[in-house]
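Welcome! Let's take a walk through this structure together, one stop at a time.

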Amino acid sequence: MKSVGAVPVLAHPLTVKVQDLRFFIETLLNVGLMGVEVEYDYSFMGMHRTPDEVRDLIQDLEILHTGGSDYHGTVHYTELGSVTVSTEVIDSLQKLHSGL
């Protein structure tokens, strides 16, 4: 992904079906993962999970914390812009991208 200018980010990690999510993320870090989607609304999938769970899981990893509303046009469960991130996250993402 990096070779074509993309910053690899793991989207909605609490939906990943693995026994050890922390180990999975660390493994992906070793092969080029640069970010994890922390801010995400899991409630539309009927999941009673929160961004704090992701934040706690990756707090000591050197990785970009991203977020998004997972909006896909006319077929969607959340509203565009319903989940936001700070401008610092956007700045960090731009810096990572420019370093590819």
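Is Thr-66 buried or exposed? Before you decide, keep in mind that this is a predicted model. With a relative accessibility of 10%, Thr-66 counts as buried, because buried means under 20%. You will find Thr-66 in strand S3, so let's look at the sheet that this strand helps to form, using the strand assignments of the model.

The sheet is open and built from 3 strands in the order S1-S2-S3, with parallel pairing. Strand S1 (9–10) and strand S3 stand at the edges; each has a single partner strand, so one side of each is left without a neighbour in the sheet. S1 and S2 run parallel and are joined by 2 bridges. If you look along this pair, you can see Val-9 standing opposite Gly-35 in S2. Helix H2 (residues 51–58) packs on the sheet and touches both S2 and S3. The direction of H2 makes about 145° with that of S2.

Next, follow strand S2 (residues 35–39) to Glu-37. What does this residue have around it? Glu-37 is buried yet has no salt bridge. The nearest side chain of opposite charge belongs to Arg-55, 12 Å away, whereas a salt bridge calls for atoms within 4 Å. The side chain of Glu-37 does reach backbone nitrogens, though: that of His-12 at 2.5 Å and that of Gly-68 at 3.4 Å. Both residues also appear among the contacts of Glu-37 beyond its neighbours within four places in sequence, and that list includes Val-9, Leu-10, Pro-13 and Val-54 as well.

Now we can come back to Thr-66, since Glu-37 is in contact with Thr-66 too. Here the backbone of Glu-37 takes part: its nitrogen lies 3.5 Å from a polar atom of the Thr-66 side chain. Not counting residues up to four places away in sequence, Thr-66 touches several others, among them Val-9, Val-36, Val-38, Val-85 and Val-89.

For a last stop, leave the sheet and find Ser-82, in the loop between strand S3 (64–67) and helix H3 (87–98). Is Ser-82 buried, partly exposed or exposed? Its relative accessibility is 44%, so Ser-82 counts as partly exposed. How far apart are Ser-82 and Arg-22 in sequence and in space? They are 60 residues apart in sequence, and their C-alpha atoms are 27 Å apart in space.

Key. Residues numbered from 1 in each chain as written. Predicted model: local features only at pLDDT ≥ 70, side-chain atom pairs only at ≥ 80, totals over all residues. Heavy atoms only, no water. Helix = DSSP H or I, 4+ residues; strand = E, 2+ residues; numbered from the N terminus. Buried < 20%, exposed > 50% of the residue type's maximum accessible area, 1.4 Å probe, protein only. Lys, Arg positive; Asp, Glu negative; His and termini not counted. Polar contact = N/O pair within 3.5 Å; in protein donor to acceptor, adjacent residues only side chain to side chain. Contact = heavy atoms within 4.5 Å. Pairing = 2+ DSSP bridges. Axes fitted to C-alpha atoms, helices over the stretch in contact; angles between N-to-C directions.
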